[in-house]
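Me: I've got a chain open on my screen and I'd like to work through it with you. Can I fire off some questions?

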Amino acid sequence: MEEMEDIIKEHFGDLKLIDLMYSNEERDEARLVLMTSGYIDGSKEIQTALVDKMEGYLSHIQSEEFKKDYPQKNVIIEVIFNEMPSNVTFANLYGCYGWCESWGAKLCVSLEKQPLTITRDENGDYHIHLD
């Protein structure tokens, strides 16, 4: 049986590393990409790992090094899933939109190359919309 640490590494890679970072001068944006692998379930350990990795990205965009290397006005943190994750994951990410904004970034979520929007209705149910 795989240990949780190995499962987390399989899904997210090294939690301390940024998977991909680039800028788009035309859009005046810097983009940090968090790429997942496999099915992201709703377990506490997996959800904590996702948030921990995102927190590392948010901390990095506050650094002087990042601001010097990426002076773009718009900072995007994109989470890309290669498989549809659990509904718990979408509920978790829905709560991260405001968190990212408070750190000066916009959160974008994609399934493979298809951008998604997560909404919550008046009953508290989460919905995924293809953009």
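Me: This is a predicted model, so let's start with E29: is E29 buried or exposed?
Reply: In this prediction, the relative accessibility of E29 comes out at 7%. The cut-off for buried is under 20%. E29 therefore counts as buried.

Me: Which residues does E29 form salt bridges with?
Reply: One partner is R27, where the closest N and O atoms are 3.9 Å apart. The other bridge has its closest N and O atoms 3.1 Å apart. So E29, itself buried at 7%, pairs with R27 and R31.

Me: Are those two arginines buried or exposed?
Reply: R27 has a relative accessible area of 54%, and exposed starts at over 50%. R31 has just 11% relative accessibility, under the 20% limit for buried. So R27 is exposed, while R31 is buried.

Me: What else does R31 bridge to, and how many residues apart in sequence is that pair?
Reply: The side chain of R31 also meets that of E78 in a salt bridge, at 2.9 Å from N to O. R31 sits in strand β2 and E78 in strand β3, so the pair ties together parts of the chain that are 47 residues apart in sequence. E78 is buried too, with a relative accessible area of 12%. Your partner is E78, and the separation is 47 residues.

Me: Which residues end up in one salt-bridge network?
Reply: E29 bridges to R27 and to R31, and R31 goes on to E78. Bridges that share partners make a single network. Its members are R27, E29, R31 and E78.

Me: Q72 also touches E29. Where does Q72 lie, and is Q72 buried or exposed?
Reply: Q72 comes after α3 (64-69) and before β3 (74-81), in the loop between them. Its relative accessibility is 8%, and the limit for buried is under 20%. So Q72 is a loop residue that counts as buried.

Me: Which side chain makes a polar contact with that of Q72?
Reply: Leaving out neighbours within four places in sequence, Q72 is in contact with S23, E25, D28, E29 and A30. One of these has a side chain joined to that of Q72 by a polar contact of 2.9 Å. That residue is E25.

Me: Over to helix α1 (residues 4-12): which of its residues are buried, and why do they share a side?
Reply: The buried ones are I8, H11 and F12. They cover an arc of only 75° around the axis, which puts them on the same side of α1. The buried residues of α1 pack against β2 (29-35) and α2 (44-61). So the names are I8, H11 and F12, and the reason is that arc of only 75°.

Me: What follows just after α1, with a positive phi?
Reply: Look just after the helix, and you'll find a glycine. Its phi is positive, at about 70°. The residue is G13.

Me: Zooming out, how many helices and strands are there, and what is the radius of gyration of the chain?
Reply: There are four helices and six strands, running α-β-β-α-α-β-α-β-β-β along the sequence. The globule rule gives 14 Å for 131 residues, and the chain comes close to that, so it is as compact as a globular protein of that length. The totals are four helices and six strands, and the radius of gyration is 15 Å.

Note on methods: Residues are numbered from 1 along each chain as its sequence is written. This is a predicted model: local features need pLDDT of at least 70, side-chain atom pairs count only at pLDDT 80 or more; totals for chains, interfaces and linings use all residues. Side-chain values use heavy atoms; hydrogens and water are left out. Helices (H or I, at least four residues) and strands (E, at least two) are DSSP runs, numbered from the N terminus. Buried means under 20% relative accessible area, exposed over 50%, partly exposed in between (1.4 Å probe, protein chains only). A polar contact is a pair of N or O atoms within 3.5 Å; within protein, one must be able to donate a hydrogen and the other to accept it, and residues adjacent in sequence count only if both atoms are side-chain atoms. Contact means heavy atoms within 4.5 Å. The arc is that of the directions from the helix axis to the C-beta atoms. The radius of gyration is taken over C-alpha atoms; the globule rule is 2.2 Å times the number of residues to the power 0.38. A salt bridge is a side-chain nitrogen of Lys or Arg within 4 Å of a carboxyl oxygen of Asp or Glu.
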